[in-house]
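Student: I'm new to this structure and would like a close look at a single part. Could you pick one strand and walk me through its surroundings?

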Amino acid sequence: MSAVTDSAIMLRRNFKHTLRNPVTVFNAVLFPIVMALMFVYVLGGAFDVGVKYINYVTPGLIIMAVSYGLGATATAVNADMTTGIINRFKAMDVSRAAVLTGHVVETTLRAVVAVAAIVGVAFAMGFRPAASPVDWLAAAGLVVLLAFAASWLTVALGLAAKSAESAGLGTVPLIMLPFLSSAFSPAGTMATGVKQFAEYQPFTPIIETLRGLLTGTPSTGTALAAVAWCAGIGLAGYLWALRSFKRRA
Amino acid sequence: MNGSAITASGLRKTFGRQVVLDGIDLDVPAGSIFSLLGPNGAGKTTTVNLLTTLMQADGGTARVAGHDIAAETKAVRKAIGVTGQFAAVDELLTGRENLRLMADLKRVPDADRVVTGLLERFDLADAAPKLAATYSGGMRRKLDLAMTLVGRPQIIFLDEPTTGLDPRSRRTMWDIVRELVADGVTIFLTTQYLDEADQLAGRIAVLDHGRIVAHGSPAELKRQVRGNHVRLRFPDHTQLEAAAGILPDATRDEHDLTLRVPGDSDVRSLRALLDRLDTHGIAIEEFAVHTPDLDDVFLALTGRPTAEVTQ
């Protein structure tokens, strides 16, 4: 039980950090909204996706809201390792994993807030999903699962990086991946190489599953692929994080 | 608490092929200040890291507060407080929140009162609502030490607590350390400043290249070195030559017109020396007695002056 209490104390610490860092709040919550406005009102008019663009793009925006918050976590984890505070925690009778779980839970909750904000904005922009309560629940479950998995991977990146700058840079691929998926335009419209990449990268099945849940009928195969990718990313991130943490801290 | 707060025997640590600690024996009595003195790279921080369970030893054993550092890490961690070389404060939390974080993690009852008490004791009450990022170096060290004291640890490790501090903050830190010992706490202090060890510690161990080359009280260490001498300065070369003629043990410095005469510095010996020069009609312009300080000890023990190795 004391590990849970320790994690809760660390979570509170991480929340205070986030609230005191306007850049984190901007990147995690406001930037996806800015991107949403840009994609729908500036670029969206040029895309022909067969349905109303806001309905097509919202699942992609949700994924983006998850990934944009990750950079701050990688930087914060790295700062914990490099500023000496970690040695203070380690020399105390404190659960070692609590430092990491505090970051993971905080990042996941921050992602949930960012996703809630982007969904609200999407509704205001005319998003009209056809999802049943069960679909919504499943979609929420998938978002939390993705956020949780991506958080572990991000924590691992933050632990492995030599400096805070390179830690932030390490999450750029996670932020770029949604752009190279079917988030903003169907993979079928892309150039051959990009198309193949887009079809097989993890974000595409995740986005397609969300899209299916919110605006149509999800395909079981895609949904299984999405959950498998999340589980894989989460497990890999978790193991990598533990290994780096033992070596480094 | 009676007996030993910290004991170590044959403690070893290697990083790759480099031997950092080559068999360290320690015995720190409870309620005392013990100082591990040595230049950069001697292995001071590694010793602290091993004793505070931050690293595992490659050989040897140690007990801290009666608990084995390898087998009873939890019990060791409960008994100790550690202030590392670099202030380990959370910059994005205020002074009060930093202390509160420690109090929460240590499950200290009546945390608010404890935190307020420490803020007042360390003269940080005014700065308490400000982020630690805005603190000066001295304030940061004070906050760091205050965080270490939350939960009243019996044994406190201070790794170079005054490195980089201005003289006034250094004095404040020394006063705080003395107060802690007065409360019955055991302090394990590392320093590369000889005067700091001399000022604070009851016992000193000199660490060089991973080995303890000497240990004892400051006075005992100084006695190990034959650094006692008298410095005599003469008005001109003739007088210097004459004096050197009757004092064959002395080393002369032509440039400064001085003689360095080794020997005891008690009143009887001094009077004998001066009488002798007087009988020969030699005039002395200046006279100084030099008792060895820890710099001499260090030079004698390691073959290097401290100035060279601490740079």
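Tutor: Let's take strand β9 of chain B and work outwards from there.

First, some housekeeping. This is a predicted model, where local features need pLDDT of at least 70, side-chain atom pairs count only at pLDDT 80 or more, and totals for chains, interfaces and linings use all residues. Residues are numbered from 1 along each chain as its sequence is written, while chains are lettered from A and ligands numbered from 1 in the order in which they are written.

Strand β9(B) covers residues 203–208, and five of these six are buried, so the strand is largely enclosed by the rest of the structure. Buried here means that 20 or more other C-beta atoms, placed from the backbone, lie within 10 Å of the residue's own; 12 or fewer makes a residue exposed, and anything in between partly exposed. As for the names, strands (E, at least two residues) and helices (H or I, at least four) are DSSP runs numbered from the N terminus.

Now for the partners. Strands of a sheet pair through backbone hydrogen bonds, either parallel or antiparallel, and two strands count as paired if DSSP finds at least two bridges between them. With β3(B), residues 33–37, β9(B) runs parallel, joined by four bridges. Look for Leu37(B), which sits opposite Val206(B) of β9(B). With β10(B), residues 211–216, the pairing is antiparallel and has five bridges. There, Asp208(B) has Arg211(B) as its bridge partner. Two residues lie between the strands of this hairpin, and His209(B) takes a positive phi near 50°.

Zoom out a little, and you'll find β9(B) in an open sheet of six strands, ordered β6-β7-β8-β3-β9-β10 in chain B, with mixed pairing. β10(B) is an edge strand, as is β6(B) (80–83), each pairing on one side only. From one strand to the next, the twist averages 15°.

Two helices of chain B also pack on this sheet. Helix α5(B), residues 137–149, touches β6(B) and β7(B) (155–159), and its direction makes about 165° with that of β6(B). Helix α6(B), residues 167–182, touches β3(B), β7(B) and β8(B) (186–191), at about 150° to the direction of β8(B). Contact means C-beta atoms, placed from the backbone, within 7 Å; the axes are lines fitted to C-alpha atoms, for helices over the stretch in contact, with angles from 0 to 180 degrees between N-to-C directions.
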